[in-house]
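Please look over the model below before reading on; the paragraphs that follow move from the whole chain to its sheet, and then to single residues.

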Amino acid sequence: MFHPGVNISMVNQFSKNTMVEHLGIEITEIGADFMRAKMPVDHRTKQPLGLLHGGASMALAETLGSIAAHSVVDPEKQYCVGLEINGNHIKSVREGWVYAVARPHHVGRKTQVWEIKITNENDDLVCISRITMAVMDKK
């Protein structure tokens, strides 16, 4: 499903010197119809009460959904931008890592919809998110 040439090293290199790198987000696996990432729960991603910040969860979800969406289009002809994202925060996390998996619900010519599930180290659901992407033609 992903465009030929998309690989973990290339995707992580693309994120250098961005918020993605600052938050410690790394793409860890690219499957036939999914993409997986991880993010540390540390001083960069916690809110003042010591819990994973909901905004950090949404940054992880938007990062992974956006990379996955962009990875299914021909980058010479198109690119993807976010239209809408939502998230339900289910469980708190104080330390360790969170893991996200993005899977498509709809991959059309002009829009895409991806679901991102974020879990903790015990595979408990932490956040579930959905992002809608617009597919734009390059001019």
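What percentage of the 139 residues in the protein chain do buried residues make up? In this predicted model, buried residues account for 41% of the 139 residues in the protein chain. The surface of the chain can be described as well: the protein chain exposes about 7700 Å², and 52% of that area is supplied by carbon and sulfur atoms.

The secondary structure of the protein chain consists of 3 helices and 6 strands, and read from the N terminus on, these elements follow one another as α-α-β-β-α-β-β-β-β. The radius of gyration of the protein chain is 15 Å, close to the 14 Å that the globule rule gives for 139 residues, and the chain is therefore as compact as a globular protein of that length. Along its principal axes the C-alpha trace spans about 45 × 25 × 25 Å. If one takes the contacts in the protein chain with a separation of 6 or more, 61% of them are accounted for by residues 24 or more positions apart.

We can now turn to the sheet. Strands of a sheet pair through backbone hydrogen bonds, either parallel or antiparallel. Here 6 strands form an open sheet, in which the order is β1-β2-β4-β5-β6-β3 and the pairing is antiparallel. The edge strands, each of which pairs on one side only, are β1 (26-30) and β3 (78-89). Neighbouring strands of this sheet are turned against each other by 25° on average, direction ignored. At the β1 edge, 4 bridges join β1 to strand β2 (residues 35-41), and the two run antiparallel; within this pairing, Glu-29 stands opposite Arg-36 in β2. Helix α3 (residues 54-70) packs on the sheet, where it touches β1, β2, β3, β4 (96-107), β5 (111-119) and β6 (125-137), and its direction makes about 145° with that of β3.

Next comes the nonpolar interior. The largest nonpolar core has 35 residues, and of these Trp-114, Ile-116 and Ile-118 touch the most other members. The elements that give two or more residues to this core are β2, α3, β4, β5 and β6, and the largest share, 9 residues, comes from α3. Not counting residues up to four places away in sequence, Ile-118 touches Ser-57, Leu-60, Ala-61, Val-98, Tyr-99, Ala-100, Asp-124, Leu-125, Val-126 and Cys-127.

Two further residues show how individual positions fit into this picture. Val-101 has its place in strand β4, and why does it count as buried? Its relative accessible area is 16%, and buried means under 20%, so Val-101 falls within that class. Leaving aside neighbours within four places in sequence, Val-101 is in contact with Phe-34, Met-35, Arg-36, Leu-64, Glu-115, Ile-116 and Lys-117, and among these Arg-36 is the residue that stands opposite Glu-29, while Ile-116 is one of the core residues that touch the most other members. Val-101 and Gly-65 are 36 residues apart in sequence, yet 8.8 Å apart in space, C-alpha to C-alpha.

Thr-132 lies in strand β6. With a relative accessibility of 18%, Thr-132 likewise counts as buried, because the cut-off is under 20%. Again leaving aside neighbours within four places in sequence, Thr-132 is in contact with Val-81, Gly-82, Leu-83, Glu-84, Gln-112 and Val-113.

Key:
Residues numbered from 1 in each chain as written. Predicted model: local features only at pLDDT ≥ 70, side-chain atom pairs only at ≥ 80, totals over all residues. Heavy atoms only, no water. Pairing = 2+ DSSP bridges. Axes fitted to C-alpha atoms, helices over the stretch in contact; angles between N-to-C directions. Contact = heavy atoms within 4.5 Å. Rg over C-alpha atoms; globule rule 2.2 N^0.38 Å. Buried < 20%, exposed > 50% of the residue type's maximum accessible area, 1.4 Å probe, protein only. Areas by Shrake-Rupley, 256 points an atom, 1.4 Å probe, with all protein chains shown as cover. Core = buried A, V, L, I, M, F, W, Y, C linked by side-chain atoms within 4.5 Å.
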